[in-house]
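User: I am new to this structure and would like to go through it step by step. Please answer a few questions about it, with each term explained as it comes up.

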Amino acid sequence: MSEPIRFYHRNAIREVSDAGVTRTVLQYLREDAHCTGTKEGCAEGDCGACTVVVGERDAEGGVSFKAVNACIQFLPTLDGRALFTVEDLRQPDGSLHPVQQAMVDCHGSQCGFCTPGFVMSMWALYEKTGHEHAGQQGCANKAACSTPSRDDIANALTGNLCRCTGYRPILDAAEQMFKLEGPKAPVDVKSLSETLAAIERNETFHYEHKGQQYDAPRTVEGLAAIKQARPNTRILAGSTDIGLWVTKQMRELGDIVYVGQVEAMREIRVSDAFIEIGAGVSVERAYAELAKHYPELEEMWLRFASLPIRNAGTIGGNVANGSPIGDSMPGLIALGARVVLRGGAVEREMPLEDLYLAYQKKDMAEHEFVLALKVPTRTGARANLQFRTYKVSKRFDSDISAVCAAFAFIADGDTVREPRIAFGGMAATPKRATHTEAVLADAQWHEATAQAAMIAMGNDYAPLSDMRATSDYRLEAAKNTLYRFWLETRPHNPLAPHAINVRNVAAETA
Ligand SMILES: Cc1cc2nc3c(=O)[nH]c(=O)nc-3n(C[C@H](O)[C@H](O)[C@H](O)COP(=O)(O)OP(=O)(O)OC[C@H]3O[C@@H](n4cnc5c(N)ncnc54)[C@H](O)[C@@H]3O)c2cc1C
Ligand code: FES
Ligand code: FES
């Protein structure tokens with residue numbers, strides 16, 4: 001039986017029974033709830049005009065607040081969660097929240113179209129910084145103790161575009177907001193957590209509209225049973241790919257099963273051998289964990305879409321979609337990651353590169369789904385792993401790769417062992433460079449070796465020309481990333497710059 005979608009919005013629990021399954025949160029806000037503060041710019045997750053904040057109970061009983069793009073989130077996914085928009089920030093006495101006041105003081109708004117989105121990204125940062133800090137240290141002096149750096153602020157705002165202000169006043173405002181006295185938040189987190197606990201479901205949430213079904217199971221078994229019974233049910237995770245199929249391509253999705261409430265798929269487990277990441281873990285959390293083990297992934301982390309997209313999008317969605325220009329796969333393949341699939345009661349795993357058979361064709365049956373990824377830890381001989389990933393795109397932030405490169409090998413003195421190279425943007429699937437690897441295997445890591453490997457790359461790839469890059473450009477750029485890898489990892493390199501400040505490097509080289 002269909003149940004209403006229940007979520008917290010504007011100080012009340014809302015129940016919605018008459019919305020389409022793929023009605024977006026933005027459509028709901030503007031057309032149904034008449035909260036028109038949130039704007040629509042692109043309807044594809046790019047501009048940030050529609051940024052809202054979603055609150056969700058966390059494992060400790062608190063609430064985590066994440067900025068996401070309302071234009072590509074479907075309303076039923078709000079079930080059990082809280083929705084905050086720019087309308088929530090004004091205080092009951094009419095005064096402005098420090099986030100808003102700082103925008104006024106620093107002249108951070110001109111035409112104002114982007115402003116509600118910026119303000120919500122800033123509020124998410126304000127909340128995250130305040131609560132994380134207060135929770136850890138019980139410190140009341142937010143301004144002195146927990147102000148994020150200018151780079152942290154810039155990273156939090158990568159998903160918001162402004163055509164008028166030139167960004168500096170907005171970054172100033174985001175610094176200023178921590179210094180202003182004022183109401184701490186539009187919410188009392190403890191009571192919000194209790195409210196959300198009261199609407200939490202223990203069983204699969206089932207919703208129907210005009211014959212289209214939406215299920216949000218709580219367990220892997222529940223998800224597996226639905227996929228087994230109705231294999232063509234579409235899996236929905238963060239909807240950062242799927243959302244655009246609806247808003248841009250007007251596609252009908254059929255029945256949907258949502259993985260975002262399957263707790264076990266949102267866990268990260270670290271053992272001696274593997275970092276095991278559930279397929280439903282957000283891209284942001286997945287990279288945060290991976291970068292602890294492989295700090296070389298930091299550039300890819302920062303440059304993967306924008307924070308709102310990384311908050312919503314999942315690592316499993318990236319891998320399952322398997323786009324040839326997806327950013328996670330080259331790095332994961334170079335690290336030797338394995339993908340775990342589940343179908344019915346059966347689990348099987350394989351090296352990630354084996355999942356991709358041809359363009360949009362995977363070794364995954366219709367009733368199967370991606371359960372988790374297993375990334376080897378940096379232990380044993382892998383303590384000497386040399387690893388880099390590089391993204392070549394026209395913009396530094398929030399752009400799709402023309403070429404995405406990943407290189408890894410175990411340094412045995414000056415000798416290259418077990419090289420693994422993978423690229424995105426160079427073939428119809430994410431693909432290893434086996435000819436190039438063969439040149440490197442057991443060779444001395446000298447410049448001549450790197451140059452021979454660059455030549456061999458021509459045997460691995462015959463990339464396409466498209467709007468992002470020509471075939472020649474792609475191949476040349478790919479070879480150059482290998483040369484850069486050599487420069488950065490050559491023996492006795494005095495710089496060894498795996499923890500360079502990528503944003504500064506980009507600014508210097510722009
Ligand atoms: C503005 C914007 C910028 C972007 N930038 C980047 C970028 O820089 N780099 C990049 O790589 N990508 C980028 N993307 C694409 C997208 O964010 C990623 O591919 C993301 O990881 C998709 O995950 P999701 O959870 O949103 O998947 P969804 O959209 O929910 O699903 C994507 C596909 O995967 C399937 N699926 C999802 N989970 C599973 C599962 N567990 N098992 C089986 N099938 C599953 C779905 O059925 C669907 O076919 C961008 C997207 C947008 C809108
Ligand atoms: S309207 Fe542009 S990101 Fe949503
Ligand atoms: S103030 Fe005009 S788009 Fe930002």
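User: Is A279 buried or exposed?

Analyst: In this predicted model, local features need pLDDT of at least 70, side-chain atom pairs count only at pLDDT 80 or more, and totals for chains, interfaces and linings use all residues. Residues are numbered from 1 along each chain as its sequence is written, chains are lettered from A and ligands numbered from 1 in the order in which they are written, and side-chain values use heavy atoms, with hydrogens and water left out. A residue counts as buried under 20% relative accessible area, as exposed over 50% and as partly exposed in between, with a 1.4 Å probe and protein chains only. The relative accessible area of A279 is 6%, so A279 is buried.

User: Which residues does A279 touch, not counting those up to four places away in sequence?

Analyst: A279 sits in the loop between β11 (274-278) and α10 (283-293), where helices (H or I, at least four residues) and strands (E, at least two) are DSSP runs numbered from the N terminus. Contact means heavy atoms within 4.5 Å. Leaving out residues up to four places away in sequence, A279 touches M265, T314, I315, G316, G317, V370, L371 and A372.

User: Between which domains does the largest nonpolar core lie?

Analyst: A nonpolar core is a set of buried Ala, Val, Leu, Ile, Met, Phe, Trp, Tyr and Cys residues joined through side-chain atoms within 4.5 Å, and the largest one here has 86 residues, with L75, Y214, M265 and L332 among those that have the most contacts inside it. Strand β16 (residues 369-376) gives the most to this core, namely 6 residues. The domain bounds come from an automatic or database domain assignment. Because both give residues to this core, it lies between domain 1 (5-87 + 191-263) and domain 3 (267-509).

User: What separates the centres of domain 1 and domain 2?

Analyst: Besides domain 1 and domain 3, the division of the protein includes domain 2, which covers residues 96-182. Taken over C-alpha atoms, the separation between the centres of domain 1 and domain 2 is 26 Å.

User: Which residue in β9 stands opposite Y214?

Analyst: Two strands pair if DSSP finds at least two bridges between them. Strand β7 (residues 212-216) is mostly covered, with 4 of its 5 residues buried, and 5 bridges join β7 to the antiparallel strand β6 (residues 205-209). Strand β9 (residues 256-258) runs parallel to β7 and is joined to β7 by 2 bridges. In β9, the residue opposite Y214 is I256.

User: Which strands stand at the edges of the open sheet of 4 strands?

Analyst: The order in this open sheet is β17-β18-β19-β20, with antiparallel pairing. Helix α17 (residues 471-489) lies across β17, β18 (403-412) and β19, running at about 145° to β17; axes are lines fitted to C-alpha atoms, for helices over the stretch in contact, and angles run from 0 to 180 degrees between N-to-C directions. Two strands have a single partner strand each, so one side of each is left without a neighbour in the sheet, and these edge strands are β17 (385-392) and β20 (431-432).

User: Over which residues, among them 131-139, does pLDDT stay under 50?

Analyst: The predictor's confidence in each residue is given as pLDDT, from 0 to 100, and the mean for the protein is 92, with 92% of its residues reaching 70 or more. Over residues 131-139, where pLDDT stays under 50, the model has 10 contacts beyond four places in sequence. The pLDDT is also below 50 over residues 497-510.
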